[in-house]
Structures are given as structure tokens and as C-alpha cells.
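Here are some worked exercises for getting to know a new structure. Try each task on your own, then follow the solution step by step.

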Amino acid sequence: SMVTFDYSSAKGFISDSEITMMERIAENAKEELVKKEGPGNEFLGWIDLPIDYDKEEFARIQAAAKKIQNDSEVLLVIGIGGSYLGARAAIEFLRHSFYNSVSKEIRKTPEIYYVGNNISSTYMKHLIEVIGDRDFSINMISKSGTTTEPAIAFRVFKKMLTEKYGKEEAAKRIYATTDKARGALKNLATEEGYESFIVPDEVGGRYSVLTAVGLLPIAVSGADIVKLMEGAAAMREHCINSSYENNDAVLYAAIRNILLRKGKTIEILANYEPSLHFVSEWWKQLYGESEGKDQKGIFPASVDLTTDLHSMGQFIQDGQRTLFETVMNLEKSTCEILIEEEEVDLDGLNYLTGQSVDFINKSAMKGTRLAHTDGSVPNLIINIPEQNEFYLGQLFYFFEFACGVSGYILGVNPFDQPGVESYKKNMFALLGKPGFEKQREELLKRL
Ligand code: PA5
């Protein structure tokens with residue numbers, strides 16, 4: 001079976017003829033993408049990645065993961081944006097809900113912490129305390145090799161590693177994932193002899209989860225990266241070869257654009273399993289950075305349910321009607337807990353005796369879907385058969401492919417991110433980075 005897209009609950013908001021009228025536009029967008037004829041086509045390496053990746057490097061990733069599992073109690077994953085979110089999404093979805101705190105006997109693999117995705121000294125200081133005097137390794141991930149947040153964290157933790165092990169042994173515990181030829185991290189890796197992995201030129205950060213960027217940390221966590229690639233390959237086949245009316249990813253792209261044109265400018269990605277929280281974070285980056293440009297785009301938001309029904313639920317049900325909701329439905333729960341009978345039914349839950357908690361969760365989901373639909377929030381569903389590597393590989397690829405198609409339908413280049421530079425220039429100027437003197441003067445006047 002496959003990850004599938006179901007828009008039947010949104011039929012009250014979209015007519016069949018609208019879907020038919022979108023066919024040519026969506027198919028053209030798909031063709032532009034697959035034939036690599038659209039804007040940003042120098043960044044389409046991800047399309048064939050699941051069937052055409054560097055097998056030698058893949059084996060090195062697996063070997064490095066084994067070594068880290070054997071010699072480290074902690075792995076630090078240093079990276080931000082596309083160099084961070086995919087790995088975290090996968091590990092949180094595939095592994096234990098309390099991965100870092102559950103006993104080593106259950107986890108079996110190193111604790112994994114993410115750093116370099118903010119500039120908080122408190123966060124880093126606390127992480128240093130968590131590591132304590134335990135053995136650790138670092139996976140430093142930066143395609144450009146010059147991003148400030150991870151570079152700062154790397155300085156701090158490289159120093160800690162070097163003080164603990166000495167320069168030579170520390171170098172053997174640092175794994176650099178970066179550009180094959182350019183950038184400060186590449187130079188450092190060459191100079192210091194770190195084992196390095198490549199972020200291919202033609203794969204942008206937010207599309208890089210199935211390269212070493214995601215694969216090394218995911219493999220260290222004990223998840224099966226072969227199955228992850230197989231899942232992506234299965235979805236690739238489906239996305240490229242299915243006709244419009246059967247093509248889940250192309251239909252998702254088409255329908256979100258139909259909704260956008262009706263004024264639904266915000267898409268909320270909802271889940272009913274906390275393990276999907278970081279899949280939503282990854283998705284927000286993918287769609288936000290790909291589509292939010294030229295004063296266009298759908299604003300990607302997310303909620304964890306039923307948690308957020310007690311906070312954002314009111315707005316979704318009844319606030320400004322600019323929303324549509326896409327629910328990631330995990331069809332089969334990994335674990336089951338049954339409600340047991342109590343002699344005295346003080347909490348009034350005996351009517352649920354013998355039901356599984358997942359049945360209650362699914363009922364909450366169905367009830368919410370209907371309520372939101374009644375509140376004029378079109379509901380789309382993405383069905384994920386099970387919580388495993390194969391289906392996650394499918395899900396990643398589904399979203400990536402749909403994002404490319406959707407961006408072309410919208411009329412933007414989904415593979416650049418010019419807007420990300422503005423804050424960096426200001427920050428460098430304020431920090432007094434050489435070369436930014438003039439901007440510094442101008443900014444200081446405004447502060
Ligand atoms: O998607 C992107 O391009 C960005 O989010 C980058 O991944 C992020 O800025 C990190 O860049 P780098 O890997 O060069 O450090």
C-alpha cells in the first residue's frame with residue numbers, strides 16, 4: 001500500500017469542473033518539473049535521488065553510523081533549516097516518543113541532540129551539561145559551510161570535543177556534511193581530516209533529507225535508511241507515472257491552488273500523533289521557503305491535535321475564514337492501549353470499556369474533520385498506512401514533488417530563497433563583519 005491523498009471531504013468547496021479545469025495547468029507544471037525545463041531547474045537533483053544515489057557514499061554513511069553507535073553515547077547534530085529539519089522529522093517519527101530519555105536498553109542507540117538551529121547561549125550551556133563527561137560525536141551539517149548559527153555551535157562543541165579527546169581523536173569524532181568543493185566547512189574538513197559527506201550541488205537544503213544531510217543522523221538513530229529510500233522510490237514512480245486523476249501529489253498541488261484562488265490563503269497541516277510534529281516543521285520550511293515569494297503563496301501553518309483543539313481549535317472552527325486544513329492521518333497506530341472497566345464509573349468513561357485509545361483518537365479526528373468542514377474549513381487528508389521508514393520515505397517524496405508542481409502552478413521559482421538573505425545582511429552589519437561597514441552605519445541610525 002501507499003501514502004494516499006483524499007480530497008473527498010472537501011468536495012463541498014470544490015466542484016469537479018474546477019478540478020478538470022486545473023488539469024492542463026497542473027500537468028504542464030508537472031511536465032516542466034520532470035523535464036527540468038522550469039525556473040530553478042539547476043536544483044532538481046532530488047527528483048531521481050531515490051533511484052540514483054551514490055551507493056559508495058551510502059555505505060560510508062552506514063559505516064559511520066555504526067562507528068558513532070559504538071563509540072558515542074551522544075550525537076550532536078549541528079545544522080539549521082534544510083540542514084536540520086529532515087533528520088529531526090524522521091527520527092521523531094520513526095523512533096521512540098521519548099527517544100533521549102528512555103533507557104539505553106530500549107533505545108539501543110546514542111542520544112541525539114540538535115544544536116546550531118538557534119543562537120541561544122542558554123540552550124548551548126544546558127546541552128553541555130547534558131553531555132557531561134560522556135562520549136560524544138558531532139555531525140556538522142552545512143551545505144554552504146558559512147551559516148552563522150551552526151558555525152557558532154560548531155566552534156563551541158568542537159572546542160569541548162578537542163579538550164576532551166585531543167585534536168587527533170576529536171577529528172575522528174567529527175563528521176562534516178557539506179558541499180563537495182566549496183565553503184569554510186569543506187576547507188576545515190580537508191585541513192583537519194574529518195570524514196565528510198556531500199550535499200549535492202543540485203539539491204537545495206529543504207529538499208536534502210534523502211542525502212547525507214538527513215541520512216547520517218537518521219541511521220545513527222537506528223532507523224533503516226534503505227527502507228526510507230525504497231519508500232521514496234515507490235512514491236517517485238507513482239508521482240512521475242500516474243495520470244492526473246490518479247496522481248496523489250499532483251492533485252494535492254492542484255487542489256491547494258484551487259483553494260488559494262478562493263481566498264484560502266493559509267494551510268494548516270494537522271496531525272493526531274505527536275511523532276508527526278517535526279514532519280510538520282519540515283513541511284512548513286519546504287512550502288514556506290518554496291512558495292512564499294513575489295508577494296504570493298499559501299502561508300503554511302501547523303497544529304498538533306487533539307492538543308491544539310484546546311488552543312487553536314477555536315480559531316480554526318470560527319475565526320477568519322481564510323483557512324484550509326490538511327490532516328496527516330496515521331492509519332494504523334503502532335501501539336495499542338485499551339480502556340478498562342472500573343467498578344464505580346466515577347469518571348463516566350465505562351461506556352468506552354474495551355475500546356482502544358486509538359479508536360478514541362480516530363473518532364476525535366473524524367468528528368473534528370466534520371466540525372471544521374461545517375465551519376467552512378475545507379479538509380484534505382493524507383493517509384499514512386503505518387509509522388515506518390517505507391511510508392515516511394513516501395511521505396517525504398510526496399510532499400517534495402507536490403511542492404515543485406504547486407510552485408509552478410503558482411508561478412514562482414520553488415527552488416530559490418532570495419528572502420532568506422535579508423536578515424543575514426543586517427545581522428552581519430550589526431555584528432561588524434568586515435565588508436558591511438556602510439550598511440552598519442545606516443542600520444545603527446535606525447535603531
Ligand atoms: O533550505 C535552505 O536552503 C535553507 O533552509 C538552508 O538549508 C539553511 O539556511 C542552512 O544552510 P546551510 O546548509 O548552507 O548551512
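**Exercise 1. Contacts of Val 405**

Find the residues in contact with Val 405, leaving aside its neighbours within four places in sequence.

*Solution.* Keep in mind that this is a predicted model. Start at Val 405 and skip the residues within four places of it in sequence. What remains are the contacts with Ala 26, Ala 29, Lys 30 and Leu 33, along with Ala 249, Val 250 and Ala 253.

Next, place Val 405 in its wider setting. The largest nonpolar core has 120 residues, and Val 405 is one of the four that touch the most other members, together with Ile 78, Ala 90 and Leu 216. Helix H15, residues 389-410, gives this core its largest share, 15 residues.

**Exercise 2. The parallel sheet**

Work out the strand order of the open five-stranded sheet with parallel pairing, and find its edges.

*Solution.* Reading across the sheet, the order is S3-S2-S4-S5-S6. Strands S3 (111-115) and S6 (195-198) each have a single partner strand, so each has one side without a neighbour in the sheet, and these two are the edges. From one strand to the next, the twist averages 20 degrees.

Now look at one pair. S2 (residues 74-78) and S4 (residues 136-142) run parallel and share five bridges. Within this pair, Leu 75 lies opposite Ser 137 of S4.

Finally, add the helices. Helix H6 (residues 148-165) packs on the sheet and touches S2, S3, S4 and S5, with its direction at about 160 degrees to that of S4. Helix H8 (residues 184-192) lies across S4, S5 and S6, at about 140 degrees to S5.

**Exercise 3. A closer look at strand S5**

Which residues point one way from S5, and which the other way?

*Solution.* Begin with the general pattern: side chains of a regular strand alternate between the two faces of the sheet. In S5, Ile 174, Ala 176 and Thr 178 point one way, while Tyr 175 and Thr 177 point the other way. Then check burial: five of the five residues of S5 are buried.

Now turn to the partners of S5. With S4 it pairs in the parallel sense over five bridges, and Ile 141 stands opposite Thr 177. With S6 the pairing is parallel over four bridges, and Tyr 175 stands opposite Glu 195.

**Exercise 4. The mixed sheet**

Trace the open five-stranded sheet with mixed pairing and say which strands stand at its edges.

*Solution.* The order is S1-S10-S9-S7-S8. S1 (4-6) and S8 (299-304) are the edge strands; each has a single partner, so one side of each is left without a neighbour in the sheet. The average twist from one strand to the next is 20 degrees.

For a sample pair, take S1 and S10 (residues 379-384), which are antiparallel with three bridges. Here Asp 6 has Ile 381 in S10 as its bridge partner.

Two helices complete the picture. Helix H12 (residues 277-291) packs on the sheet and touches S7, S8 and S9, its direction making about 175 degrees with that of S8. Helix H14 (residues 357-374) lies across S9 and S10, at about 165 degrees to S9.

**Exercise 5. Residues in the loops**

Is Lys 108 buried, exposed or partly exposed? Ask the same about Gln 295 and Cys 335.

*Solution.* Take Lys 108, in the loop between helix H4 (104-107) and S3. It has 13 C-beta neighbours inside 10 Å, so it counts as partly exposed. Its phi is positive, about 70 degrees, although it is not a glycine.

Gln 295 sits in the loop between H12 and S8. With 5 C-beta neighbours inside 10 Å, Gln 295 counts as exposed. Its phi is also positive, near 60 degrees.

Cys 335 belongs to the loop between S9 and H14. It has 9 other C-beta atoms within 10 Å, so it is exposed.

**Exercise 6. Around the ligand**

Which residues come nearest to the ligand, and how is the shell made up by class?

*Solution.* Of the 14 residues around the ligand, Gly 81, Gly 82, Ser 144, Thr 147 and Gly 205 come nearest. Sorted by class, the shell has nine polar, three charged and two nonpolar residues.

Note on methods: Residues are numbered from 1 along each chain as its sequence is written. This is a predicted model: local features need pLDDT of at least 70, side-chain atom pairs count only at pLDDT 80 or more; totals for chains, interfaces and linings use all residues. A residue is near a molecule or strand if its C-beta atom, placed from the backbone, lies within 6 Å of it. Ala, Val, Leu, Ile, Met, Phe, Trp, Tyr, Cys and Pro count as nonpolar, Asp, Glu, Lys and Arg as charged, and the others, Gly among them, as polar. A nonpolar core is a set of buried Ala, Val, Leu, Ile, Met, Phe, Trp, Tyr and Cys residues joined through C-beta atoms within 7 Å. A residue is buried if 20 or more other C-beta atoms lie within 10 Å of its own, exposed if 12 or fewer, and partly exposed in between; C-beta atoms are placed from the backbone. Two residues are in contact if their C-beta atoms, placed from the backbone, lie within 7 Å. Two strands pair if DSSP finds at least two bridges between them. Axes are lines fitted to C-alpha atoms, for helices over the stretch in contact, and angles run from 0 to 180 degrees between N-to-C directions.
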